[in-house]
Amino acid sequence: MSRTQLTHGSLTSLAAALTLLTTGCAEKSDGAQATADTCRADGGWSAEKQADWLRPAVSFPDEAAAGDAAVVIGSHTGEPLCEPIAVQIQFWEATATTAGTDLRFVLRIRLTTDGSRPRIIDFPAGLSPEERDDCTGVLMAAYPGAPLAQSELPAAAARLTPASTTADTTFGTTRVAAQHLLPPAHACSTPGEPTPNPWGSDHP
C-alpha cells in the first residue's frame, strides 16, 4: 500500500471518528435539553405563588393511623420544579386554660422540595399523641420562604375548645400554604387557680 493510500485511509478514519464524536455530543446535548424541559421553572415566583404550588402537596395524617407523622409533603401532581424551594414547617403548643389560650412556639424545620418525592415530618418531642396531655393541642403550619415575621404569626381565638377548628387560628399572611389545629381536649387550670370541680358547683 502506498503512502498516499495510507494517508487517505487515516484521514477517512479520523473524519469518521469526528463524525461519531460530534453526533454523540449532539445526542447528549439533546437528551440534557429534553430532561430540562420536563421540569417546571419557578424563577421569580412570589411567596404567594410558591404557597399556591405547595398547598395541594401538604397533608396532615390522621393521628390514630399515622403514629408520629405530623406533616407530609407529598409528590406534586405536576412536573417537579427545576430549582427546589425552601419550605418551613412550624409547630406551636396550644394550651387551653380557664383564662384563654396560650400559643407557644416549639419547633421550626427548614427543608427544600422540588415536588419529586414525599417528605415526612414527625411531631416534636413532647407533642406526639402519646406524649401530650388533654389540655395541650398542636398548631402546625407549612409555608415557603423565610421564617414568619412577628406580624405574620398566628393568633388564636380567645379560648380553644375540643370543637375548635383550624379556622380558629389565623395568620397575618397569605403565604401560609397549609395549617392544621389539633385542639386540646379540655381547659386546664392556670398556676394559682383552683382545679375546676368536675362534678359542678352542687358538689363539694
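This report covers the confidence, the nonpolar cores and one buried residue of a predicted model.

## Confidence

Across the protein, the mean pLDDT is 77. A pLDDT of 70 or more is reached by 71% of the residues.

Two stretches have pLDDT under 50: residues 3-8 and residues 14-36. For residues 3-8 the model has one contact beyond four places in sequence, and for residues 14-36 it also has one. Where pLDDT is low, the predicted coordinates should not be read in detail.

## Nonpolar cores

The largest nonpolar core is made of 25 residues. Within this core, V58, V71, I73, I89, F91 and M140 have the most contacts. Helix 2 (47-54), strand 2 (69-73), strand 3 (85-97), strand 6 (136-144) and strand 9 each give two or more residues to the core. Strand 3 gives the most, with four residues.

A second core, separate from the largest one, has ten residues, including W92, A94, A141 and L148.

M140, listed above for its contacts inside the largest core, touches F60, A70, V71, Q90, F91, F123, A178, Q179, H180 and L182, when residues up to four places away in sequence are not counted.

## Residue L181

L181 is part of strand 9, which spans residues 178-182. Its relative accessibility is 5%, so L181 counts as buried, the cut-off being under 20%.

Leaving aside neighbours within four places in sequence, L181 is in contact with V138, L139, L160, S164, T165, T166 and T169. E93 is 88 residues from L181 in sequence, and their C-alpha atoms are 10.0 Å apart in space.

Methods
Residues numbered from 1 in each chain as written. Predicted model: local features only at pLDDT ≥ 70, side-chain atom pairs only at ≥ 80, totals over all residues. Heavy atoms only, no water. Buried < 20%, exposed > 50% of the residue type's maximum accessible area, 1.4 Å probe, protein only. Contact = heavy atoms within 4.5 Å. Core = buried A, V, L, I, M, F, W, Y, C linked by side-chain atoms within 4.5 Å. pLDDT = per-residue confidence, 0-100.
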